[in-house]
Amino acid sequence: MRDRCNRRCDQSTAGPGRLIGRVQEIAQMDSFLARIRTAQGGTLVLSGAPGIGKSALLDHAATRSRICGMGLLRATGSQFEAEISYAALHQLLHPRLDELLQLTPHFADALKSALGLAAGQPPAPLLAANAILAFLRQMSQERPLLLIIDDLPWLDRASERVLGIVSRRLTGLPVGLIAACRTNEAPGFDQSDIPVLDVQPLSEEAAAELLRNRYPAMKPRVTRRLLDTALGNPLALLELPVSLGDLAHTPAGALPAALPLTRRLQRAFACRVQALPQPVYELLLLAALDGTGDLSLLRAIAADHQATGLGPAESAGLVHTDDSAARLAFRHPLIRSAVVDLSSSQQRRQAHADLATLLTDEPERHAWHLAEAADRPDENVAALLHQVAIASLRRGDSVGALTQLLRAAELSPIGKGRSRRLAEAAYLATVVTGDLHDAPRLLEQARHAQPGPFDVPSLAGARACQLLHADGDLDTAHRLLATALNELEDPTRADDVLVIEGLFILLMVCFVGGRADLWPPFLAAVDRLRPRPPELLAILSRTLSDPVRLAPGMLIRVDAAIAALDQEANSARIVRTGMALAYLDRLSHCREPLQRVIQDGREGRAVTSAVEALFLLAQDAFHTGRWEEAQELVDEGLKLCDVHGYDLLSWPGRLTDALLAAARGNYEHAIDTAHAMDTWARSRRAGIVTAFASRVQTLTALSRADYETAYRHAAAISPPGILAPYAPQALWVFFDLIEAALHTGRRTEAAAHLTAAQDLDLGRLSPRLRLIVLAGATLTGLDTDTTLLEAAIREPGNDRWPFDLARIQLTYGSHLRRAKRTTDARRHLAQAAQVFQQLQATPWAGRAERELRATGITISTAATGPAALTPQQLQIAQLAAAGHTNKQIAVRLFLSPRTVSTHLYQVFPKLGITSRAALRDALANPPDPHPR
C-alpha cells in the first residue's frame, strides 16, 4: 500500500492549486512530504507574521498529501479552548478515535483518560506521548501519515507539552508533523532542534500577480496603493479590496489617506461577517466559541435549530469545511475574533449554553461552557469549575487552573465559597505562577467576600504564604497557619486539600525559621493525619527537619519518590521532591524533571516553581563541579526573582552565587552577600538564611586560609561534637569545621565532631558523606588505618563531587607529607591541584601547589598574560581595560554583572596584577614567558 502511495504521488503532475510567489516554500514542503513517504519522518515548523500565508501552505501540504495517498490529521489551536487540557489532542485524533481499541490496554487507557473518553487519572506527559507515538505507528502501517497543526500558540498547555515530546520522536517513522505559528510567538515546543521555514512576505511582483488574478478589474492606481499598504502580506492583499467595496473601483486619491493594516483587516472581517444571514452567523458564533472545528457538532446544532448550515460563510471565504474529516476551519484567527466581537453578551451566553448541553459527556468542556453561559452567581457551576481547576493543577496546568479558579470565584455567591476560591487563586499565584504582585488584591477581595474575622483557613493559608514570600514575616505566618489548622472541623483528614496545603506552607515556615520551637506543632499535626500523611509531606517533614537522624526506611522512601518523578506532571510536587533530596546528595537523580519545571516557567506558566528548580539545579551543579552551568542557572533565577518580587525565594540562589565567588577568590562579593543575608535574616529570625550566611563566611575564610574565622562561622551552624536537629546546613559544613579545628589546634573538638557523626552513622546517607567521615577519621587520628580512605578516594563515582574530593585530597596530602609519606602525598596533591585549576578555584589551586613544592616538586609556572585567559575572560578583560563597567560589559556579552565580576577576579592573578587599573598595561605588555 505504501509503495502504491509513493507511485501515485510521483506520477501526479497536476498537484494542488498553485500558490503565487511560493516556489521555494512549496519545494521545501514537497521535500518534507517525500521524506515522510520514505519513512524518514520528522517535524517542520512554519513561522511568519499574521496573514503571511502559513495556513495556505498547510492547505497545500494537506492537498498534496491526499494526492500522494497519505493519511491526514489536522488540528488548530483555539483561543477559546486554550484553557481546556488535551483539547487540541482530542481535535487532532478525533477522526481516528475508533481505532484506539487496537492499542495495548496500557496505552489505550492512557489516551482515553487524557481525551476525556473514560474516567481516571490523566496520564503523565511522557506516558501520553508514548501512547500517541504507538497510535501514530499503528495508523501509519498501511500508509504514511501527515499531522498538521495550525496556531501553535493557542494550543492548550497539556496538548502542547505532549506534542512537543512527540515532535522530537518521529524520525524513522512514516509520520510527519507540520505546524505553524506567528513570528515572535513562542510555539508549543522549542524550535532549537526543529527545522523552521520562515515564511516571508511576497515580493512585489508576486503580490501584484496575486491581486491581478483575484481582482482582474482593479484599477492600476488602486493596485499600487494596496501594494504599498500591504507590503507583501497575502491576507491583507486579499481582504483589503473586500473591505474597500466600491471604493476599490475609484481612483487611488479617493481612498482614505491612511490605511492602517490591522484596523483595515479587522474592519474587513467585521463587514464580511455582518453580511451573513442571522442563522448562519449564529452557527458561525458557535463554531468560534467551540473552537475545536468539530463539524459534526455544528451540524447537530444546525439540525436542532433548523438552520441552513455554513454554506454562505464558506462562499464568503470565512471558513473552510472538510467533509471527509468532518472538520471546519476559519481562514484566519482574526475572523474568529471578529465573529465573537460582533456578538452581544446575550448571544455569547446562549451559544455557550447550547455547547454545554451537547458536551455533557466531556466534563471539563461542559463545565467551562456552563461557566461562560452564566450571567449571575451560581454555586453549582462554580463548584464544577472548581473541580476542573483542581484537575488542571494535578496535570500540571497551573495557569489554566488559576484562570478557572478566578472564573469560579466570579460565579460564587458572596460567602465562604467565593472567599475560598479567591484565596486559593492567591495561593496559586504566589507559590506557582509567579503572580506575587496580584496576591494582595486577590486576598483583599477574599476578605470582603467573607465578612467577619480573618480566620477562614484557606484565607489564612494564602495570607501566610504571601507573607512568607513577600515580607518574610515568619512568626506571623506561623501563627496564622497554626491557628487556622487548629480551627478546622477535622484537622486530621489526610484527604482534605486545605489541611495538606496548609501543612506544606507551615513546613516551609518551619524550615526557613530554622528554630527548634517552630517544628513541634507542625510535626504533631503531620503525625495525627489519618489514615496516614501524604507520602511527600511525610518525607519532607523528616528530611528538612532532621536529615541526620533519618531512619533507613525513610531513605528507601526517598529513593522511591525519586523514581516516581518520571511520571509526575505537577511542578510543585517535582520541586518539593527536589527539596526533600537537597541534603541527601540525590539532586542529580532528578535533573530531568526539574529541567521540565524550568522549561514550563520559561514558557510563562509555573514561574515560582521554575525559580526553585533553577536554584536546586544550581546547587547540584555547584556540588558536582559544573560551575559555569551553576552560575548561569543562578543568574536566570535571580532575574526572575527581581522581576516578580520574590525576596525569600532568592536566598538559595544567592547562596550558590556567593559560594562560587568564595571558592574562586571573589571574596568581596561573597562577604557582601553574607552580610546582606545576615541583615535580612536577623530581623525576621530566619534561621536558615542566617545559616546560609555562616556557610558563605566559612568557605570564604577557608579559601583565604583564615581558619580561626572559618571555625567560628562553622561552629555557629552546629557546635563541635553536635549535629543539631533543625540545622540541615550542618551537613554541608561538617568537613569545614573539622578542617578549621585541626588548623587552629582544636583536635579535641575535631575528634568530638567526628565521633558524633560516627555515632549517627552519617555515612549511610550518601557516598559523599561516607567519604568525608572516613577523611575526618584519618585526619583526627581516630583511625590510623588509611586503607578505607584510600579505597573511598578511588571508588568509582566519588568524583561526582570534585570540589569536596579535591579538598579532601589536599588536606590528606598535607597530612601524608607531614608523616613523611612523600610519594603518596604528591599523588593526592597533584590530583587536587588539577581539579582546582579546572574549576578555576584559584585560592585552592595555589594552596595545593604550595604543598607540592613542600614535597620537593618544582611547579612549572603556568602560562601568564593574555595567553593564559579563556576567550571569554580575554573579551571581558579587554572591555574592562577600555573603561567599561561590569554592568556595561554584562549587557554587551549577555551575562550578569556577577559573572563578569567573577571572571575578572580570575583574570587578575593570571595577568599578575591586583587591580583593574593595571589591566591596560598587562594586556598591552605581556610578561616574557621565558625569563632568564
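Trainee: Is Asp151 buried or exposed in this structure?

Mentor: The cut-off for buried is under 20% relative accessible area. Asp151 has a relative accessible area of 12%, so Asp151 is buried. Keep in mind that this is a predicted model.

Trainee: Where is Asp151 found?

Mentor: Asp151 is in the loop between β3 and α7.

Trainee: What is the phi of Asp151 near?

Mentor: Start with the general idea. Most residues other than glycine have a negative phi. In this structure, Asp151 has a phi near 60°, a positive value in a residue other than glycine. Asp585 also has a positive phi, near 60°, and is not a glycine either. Asp585 sits in the loop between α28 (571-581) and α29 (591-602). With 13% relative accessibility, Asp585 counts as buried.

Trainee: Which peptide bond is cis?

Mentor: Again the general idea comes before the case. Most peptide bonds are trans. The bond from Arg530 to Pro531 is cis, with omega near 5°. Pro531 belongs to the loop between α25 (519-527) and α26 (535-543).

Trainee: Back to β3. How many of the residues of strand β3 are buried?

Mentor: Strand β3 covers residues 145-150, and 6 of its 6 residues are buried. To read a strand, look at its two sides in turn. On one side of β3 are Leu145, Leu147 and Ile149, on the other Leu146, Ile148 and Asp150, and all are buried, so that both faces are covered.

Trainee: Which strands pair with β3?

Mentor: Strand β2 (residues 71-76) pairs with β3 in the parallel sense over 6 bridges. In that pairing, Ala75 stands opposite Ile149. Strand β4 (residues 175-182) is joined to β3 by 5 bridges, and these two strands also run parallel. There, Leu146 of β3 stands opposite Gly176 in β4.

Trainee: What do β3, helix α7 and β4 make?

Mentor: To read such a unit, follow the path from one strand over the helix to the other. With the strands pointing away from the viewer, a clockwise path is right-handed. Here β3, helix α7 (residues 157-167) and β4 make a right-handed β-α-β unit.

Trainee: How many residues does the largest nonpolar core have?

Mentor: The general idea is simple. In soluble globular proteins, nonpolar side chains tend to be buried together. In this model the largest nonpolar core has 168 residues, and those with the most contacts inside it are Leu503, Phe522, Phe734, Leu762, Phe803 and Phe836. Helix α24 (residues 497-513) gives the most to this core, with 11 residues. A second, separate core has 43 residues, including Ala110, Ala128, Leu152 and Val166.

Trainee: Which residues is Leu762 in contact with, leaving aside neighbours within four places in sequence?

Mentor: Leu762 is in contact with Val548, Leu723, Leu731, Phe734, Ala757, Leu769 and Val773, once those neighbours are left aside.

Trainee: Where is the place of Phe615, and is it buried or exposed?

Mentor: Phe615 is in helix α30 (residues 607-623). At 4% relative accessibility, Phe615 counts as buried. Its contacts, leaving aside neighbours within four places in sequence, include Leu633, Val634, Leu638, Cys641 and Pro652. The C-alpha atoms of Phe615 and Arg654 are separated by 8.9 Å, while the two residues are 39 residues apart along the chain.

Trainee: Which residues does Asp804 touch, not counting residues up to four places away in sequence?

Mentor: Asp804 touches His623 and Arg768 on that count. Asp804 is in helix α40 (residues 802-818), and at 15% relative accessibility it counts as buried.

Trainee: What is the mean pLDDT of the protein chain?

Mentor: The general idea is a caution. Where pLDDT is low, the predicted coordinates should not be read in detail. The mean pLDDT of the protein chain is 84, and 89% of its residues reach 70 or more. Over residues 10-16 the pLDDT stays under 50, and the model has 9 contacts for them beyond four places in sequence. Residues 928-932 also have a pLDDT below 50, with 0 contacts in the model beyond near neighbours in sequence.

Trainee: How many helices and strands are in the protein chain?

Mentor: There are 46 helices and 7 strands. Of the 932 residues in the protein chain, 58% are buried.

How values were computed
Residues are numbered from 1 along each chain as its sequence is written. This is a predicted model: local features need pLDDT of at least 70, side-chain atom pairs count only at pLDDT 80 or more; totals for chains, interfaces and linings use all residues. Side-chain values use heavy atoms; hydrogens and water are left out. Helices (H or I, at least four residues) and strands (E, at least two) are DSSP runs, numbered from the N terminus. Buried means under 20% relative accessible area, exposed over 50%, partly exposed in between (1.4 Å probe, protein chains only). pLDDT is the predictor's confidence in each residue, from 0 to 100. Contact means heavy atoms within 4.5 Å. Two strands pair if DSSP finds at least two bridges between them. A nonpolar core is a set of buried Ala, Val, Leu, Ile, Met, Phe, Trp, Tyr and Cys residues joined through side-chain atoms within 4.5 Å.
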